[in-house]
Structures are given as C-alpha cells and as structure tokens.
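Thanks for coming. I have one structure to go through today, and I will put it on the screen now.

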Amino acid sequence: MKKKFSFPSAYTVILIVLFLVLVLTYFIPAGKYATLGYEGESQEFVITQPDGESSKEPATQKTLDKYKVNTNLEKFTNGDVYKPVAIPGSYEELEREKRTLFTALKEFLSAPVEGLAQSIDIITFVLILGGIIGVINKTGAFNAGMNSLSRKLQGKEKWLIILTLTLIAIGGTTFGFAEETIAFYPILIPIFMAAGYDALVAIATIYLGSSIGTLASTINPFSIVIASNTAGINFTDGIGLRLAMLIIGTIMSIWYTVRYAERVRKNPAESLVYDQKDELEEKYLKSNSDEEIPVFDLRKKLMLIIFAAGFGVMVYGVKELGWLFVEISSLFLLITFIIAALSGLKEKEFVSEFVTGASDLLGVALIIGLARGVTIIMENGMISDTLMYWLSNSVSGMHGPVFTTMMYFIYILLGFFIPSSSGLAVLSMPIMAPLADVVNVDRALVIDAYNWGQGIISYVAPTGLVLASLEMVDVTFDKWLKFVWKLMVATIIVSIVLLAIGVFL
C-alpha cells in the first residue's frame with residue numbers, strides 16, 4: 001500500500017525557498033545600484049557607490065537633477081522619502097568572494113538565525129499576544145463571549161465575514177494593515193467555527209481583507225505614498241483607478257469567501273480542511289457546550305472590552321502616531337497587566353497560563369524569522385539589484401498596454417523576492433518610473449503595476465505573511481493554494497484590464 005503524500009509544513013516550505021534562493025546567488029551575478037539618501041542632521045545627501053564608498057553633496061534640487069533622481073527636494077527634507085533611493089544608470093556588476101561548500105552551508109544556517117534577530121520586534125508582539133489570549137482563554141471569557149455572539153448572529157453569520165473583511169481592507173488601503181492582523185486569528189477562528197464555517201474561512205476573511213486592501217492601496221504611506229514620491233509624482237495621481245481596484249477587489253473577495261463559507265455551512269464535507277474537522281473542533285471548540293460555557297458576567301465582558309480596545313488604540317497609533325512594533329508590544333504588555341488584575345487568577349496560575357499561551361504562538365514567531373532569512377540571503381548575495389537591472393532593460397522598448405502588462409508581471413516576480421513594499425518602492429521607482437516617459441505612459445500606471453503586482457503575489461509568497469497566517473489556523477500551504485488560486489487569476493485579469501484602461505484614459 002502506497003503511503004499518502006503529506007504536504008510539508010510551513011517551516012520546510014520556507015527552508016526550501018531559502019535553499020533555492022541561495023542556489024540562485026551562485027548563478028545570478030552580484031550587482032548594485034548607487035544610492036542617494038538624505039541625512040537630516042547635516043542636511044546633505046549621502047551618495048553611496050556600489051562598492052560601498054560614500055560621499056556627501058549639498059541637499060539641493062541641482063544635486064537631484066545631476067543624478068537624474070526625478071523627485072522634489074521637499075520630499076526628502078520633510079521625510080516623505082525616508083530611505084536611500086537607487087540612482088538611475090548607476091548599476092555595476094560586482095565581484096563576489098569565492099565561496100566554498102562550507103561557506104554556503106554557513107550562509108544557509110546563519111540566515112534563519114539572523115532573520116529571528118532582525119524580526120525580534122514582531123516576534124515579541126506575537127508572543128505577548130499569545131500570552132494574553134492564553135490567560136483570557138483560561139478565564140472562559142472567549143467561550144462565553146463567543147457563545148453570546150453566535151446566538152445574536154444566528155442566521156446572519158455571513159455578515160460577520162462581510163464586515164470583518166471590509167474593515168480590514170480599509171485598514172490595508174489606508175495604512176498598510178498587514179502584520180497586525182495576526183492578532184485576530186485566535187479570536188475569530190472559534191467564532192467562525194461556532195457559526196458552522198471552517199478554519200479556512202477565518203484566514204480567508206482576515207488575510208484576503210488585508211491583502212486586497214494593501215494591494216489596492218489608495219493613501220497607504222508605506223507603499224503608494226513613498227512610491228509616488230520616489231517616482232516624482234503626487235500620490236493622488238491615478239487614485240481613481242486605485243479606488244476602482246479596491247472596490248472591485250473587495251467585492252470579489254467577499255463574494256468568493258461567502259460563497260465558500262455558505263457551501264461549507266450547508267455541507268461540512270465541502271470543506272477543504274474536512275480531514276482536520278475533529279482536530280480543529282477539539283482545539284477551538286472543546287469548551288463549547290452548554291454545560292461548560294461559563295456565564296458571560298461583568299468581569300469577562302470587561303476583559304474582552306479592554307482587549308478589543310487595545311486593537312483600536314493600536315490602529316490609531318500606527319496610523320496617526322507612526323507606531324512600530326515596539327510601541328504596539330508595549331501597549332499589549334500594559335493590557336496584560338490590566339487583565340492580570342481583572343482575571344481573578346492567582347499570580348502563579350496567571351504566569352503559567354501566559355507562558356502556555358505564548359508557547360502556542362511560538363511556531364508563528366519562528367516562521368516570521370525564517371521568512372526574513374530569505375531576504376537576508378538575497379541581500380548578502382546582492383542579486384536584488386541585478387534582477388531589477390535585467391527586468392528594467394527587458395521592458396524599455398515596449399509600448400501601451402503591453403508595457404503596463406509586462407511591468408505588472410515584473411512586479412509580481414520582484415514582489416516574491418522583495419516582500420517589503422517600501423523597500424521595493426525605493427529600489428525600483430527611480431529606475432522604472434522614467435521608462436513610462438519614454439513610451440508615453442502615465443507614471444501613475446507604473447505605481448499601480450508595482451502595487452498590484454507585489455500585492456497579488458503576497459497571496460501565496462512564502463517570503464511574506466501567508467505561512468505565518470496559515471500556522472495560526474493549522475492549515476497547510478497546499479490547501480490554501482487550492483482555495484485561493486481562482487480568486488488570484490480573476491484578480492490578475494481585473495488588474496491587467498484596469499491598467500489597459502488607464503493607458504487610454
């Protein structure tokens with residue numbers, strides 16, 4: 001009897017990708033563009049050559065014109081462009097140090113370790129969040145609240161999907177709401193499952209909401225704003241087309257998710273994770289019986305209100321105050337102390353449950369670090385700029401819709417290797433945006449191709465957040481691919497059509 005194939009875990013998938021990227025560094029030549037960055041203290045530009053040598057020049061528009069960086073000086077001085085940008089025409093191929101099998105092995109093993117070190121801020125947030133959830137679970141507040149919500153939503157369950165996906169998409173399009181959504185999985189999975197859906201509906205609602213929101217960014221400072229500023233145009237240029245993408249993409253995502261969810265609710269055997277049904281119900285609904293569900297008293301209501309309020313404060317802090325994960329983690333550490341006082345648990349019991357809850361999300365934390373290791377391999381191998389140089393040359397002679405379509409697919413490829421939206425913007429826009437002038441295409445369409453291309457590959461790229469999200473819901477990568485591929489194809493078609501329309505407007 002043949003043994004049934006089992007799809008590898010998220011850890012193995014990332015290690016395979018890491019290994020393949022390492023192999024690529026032996027075949028793709030090393031190379032870099034020179035960069036120009038603004039130094040606020042001295043109010044000068046720092047020019048860093050491909051070989052690492054740097055010099056300073058006056059922070060004037062004349063200097064920008066000299067290096068063909070078509071961006072207003074004000075964008076640098078006011079902080080809109082806060083990362084060094086690539087200088088057009090400055091690419092140089094560089095010599096790599098000769099590497100042995102031992103050095104390759106060292107790179108492969110050290111990259112995940114460095115990735116964990118560089119991702120410590122988001123890892124800390126994930127572990128603190130896991131600890132809080134562990135404590136709240138122990139008190140029975142989640143089960144009591146979930147039971148109350150399920151009763152109120154009876155017959156209207158699909159509205160939970162519609163509202164949640166829409167709100168997260170709004171967060172994505174306005175301020176890049178992405179990594180922060182990891183916090184919602186442990187809360188929403190039991191609610192969706194109690195409503196008769198499966199765990200895949202939870203990830204579809206949250207991850208698709210975040211993905212379509214960031215893909216169709218309208219005023220997101222970490223993608224659209226910095227890309228537009230670096231390309232030398234106003235971020236409001238072409239916003240109509242982006243709004244159209246946001247509306248169409250969100251409606252498509254909602255319809256796709258609700259259709260699957262309702263099919264599963266009517267017939268659980270239709271679930272793509274039906275083989276895990278008993279396991280998932282044991283994990284998320286083990287206390288969901290009338291005899292075991294505790295009373296939803298004032299103490300439990302207060303704990304859930306404070307926990308939920310933390311997300312509201314987080315959203316405000318990220319959007320209005322520029323918070324990063326250090327501030328977000330500090331906020332949830334404060335919430336931990338408040339909940340400790342409200343929980344009624346003894347000190348040792350509280351600490352034990354907090355540590356247990358944190359350990360439940362340790363796998364997610366490890367995946368985040370491993371994914372960062374892939375980027376480190378690319379940076380050390382110096383192949384990102386080489387890919388950019390090759391791809392920019394490949395589209396330089398194309399025109400109209402062919403140009404925008406090829407640019408879109410180029411950004412799908414680049415988005416796989418460079419998952420950072422701001423990093424890809426400052427690397428690519430000084431090179432790609434001027435190509436639009438040559439073929440008489442609006443630069444705003446290059447911004448759209450960049451954002452939509454990088455956005456669509458985030459649905460499945462192991463270098464992004466998808467594997468960490470799947471780990472939260474105990475769903476393997478192959479099941480997610482089986483669920484999402486049709487929506488991806490439809491979204492790609494819509495993107496290409498909208499880019500073509502933009503050419504003729």
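I will start with the whole chain, then take one helix, three individual residues and some charged pairs.

First, a caution: this is a predicted model. Please keep that in mind for everything I say.

So, the overall picture. The protein has 22 helices and six strands. The C-alpha trace spans about 75 × 55 × 50 Å along its principal axes. What radius of gyration would a compact globule with 505 residues have? The expected value is near 23 Å, and the protein has 24 Å, so the two agree. Of the 505 residues, 53% count as buried. Then there is the matter of which parts of the chain touch which. Take the contacts with a separation of 6 or more: 78% of them are between residues 24 or more positions apart.

Now one helix. Please find α14, which runs over residues 325–343. This helix has 19 residues, and from its first C-alpha to its last it reaches 26 Å. That is close to the 27 Å expected at 1.5 Å a residue.

Which residues of α14 are buried? They are F325, I328, S329, L331, F332, I335, T336, I339 and S343. These residues sit on the same side of α14, because they cover an arc of only 155 degrees around the axis. The general background is that an α-helix has 3.6 residues a turn, so residues three or four places apart point the same way. What lies on the other side of α14? There we find V326, F337 and A341, which are exposed. Just after the helix comes G344, and this glycine takes a positive phi of about 80 degrees.

Two of those buried residues come up again when we look at M303. This methionine is found in helix α13, residues 298–320. Is M303 buried or exposed? M303 counts as buried, because its relative accessibility is 0%. Leaving aside neighbours within four places in sequence, M303 is in contact with I136, T139, I339, L342 and S343. I339 and S343 are on the list of buried residues in α14 that I read out earlier. As for L342, M303 is 39 residues away from this leucine in sequence, and the two are 6.9 Å apart in space, C-alpha to C-alpha.

Next, two arginines. R242 lies in helix α11, residues 239–266. R242 is buried, with a relative accessible area of 0%. Outside its neighbours within four places in sequence, R242 has contacts with A216, S217, T218, I224, F235 and D237. Further along the chain, R242 also contacts A444, I447, D448 and W452.

The other arginine is R443, in helix α20, residues 443–457. R443 also counts as buried, at 9% relative accessibility. Which residue has a side chain joined to that of R443 by a polar contact of 2.5 Å? The partner is D437. Not counting residues up to four places away in sequence, R443 touches N70, A231, I233, A433, P434, A436 and D437.

Last, the charged pairs. How many salt bridges does a search of the whole structure find? The search finds eight. I will go through three of them.

One is between the side chains of K56 and E39, at 2.8 Å, N to O. This pair links distant parts of the chain: K56 is in strand β4, residues 54–58, and E39 is in strand β2, residues 35–39, with their positions 17 residues apart. K56 counts as partly exposed, at 46% relative accessibility, and E39 is also partly exposed, at 28%.

Another joins the side chains of E270 and R263, at 3.4 Å, N to O. Here E270 is partly exposed at 35% relative accessibility, and R263 is partly exposed at 33%.

The third on my list is formed by the side chains of R372 and E379, at 3.7 Å, N to O. R372 is partly exposed, with a relative accessible area of 25%. E379 counts as partly exposed too, at 44% relative accessibility.

To recap: 22 helices and six strands, one helix with its buried residues on the same side, and eight salt bridges in the whole structure. That is what I had.

Methods: Residues numbered from 1 in each chain as written. Predicted model: local features only at pLDDT ≥ 70, side-chain atom pairs only at ≥ 80, totals over all residues. Heavy atoms only, no water. Helix = DSSP H or I, 4+ residues; strand = E, 2+ residues; numbered from the N terminus. Expected span 1.5 Å × (residues − 1). Buried < 20%, exposed > 50% of the residue type's maximum accessible area, 1.4 Å probe, protein only. Arc of directions from axis to C-beta. Salt bridge = Lys/Arg side-chain N within 4 Å of Asp/Glu carboxyl O. Polar contact = N/O pair within 3.5 Å; in protein donor to acceptor, adjacent residues only side chain to side chain. Contact = heavy atoms within 4.5 Å. Rg over C-alpha atoms; globule rule 2.2 N^0.38 Å.
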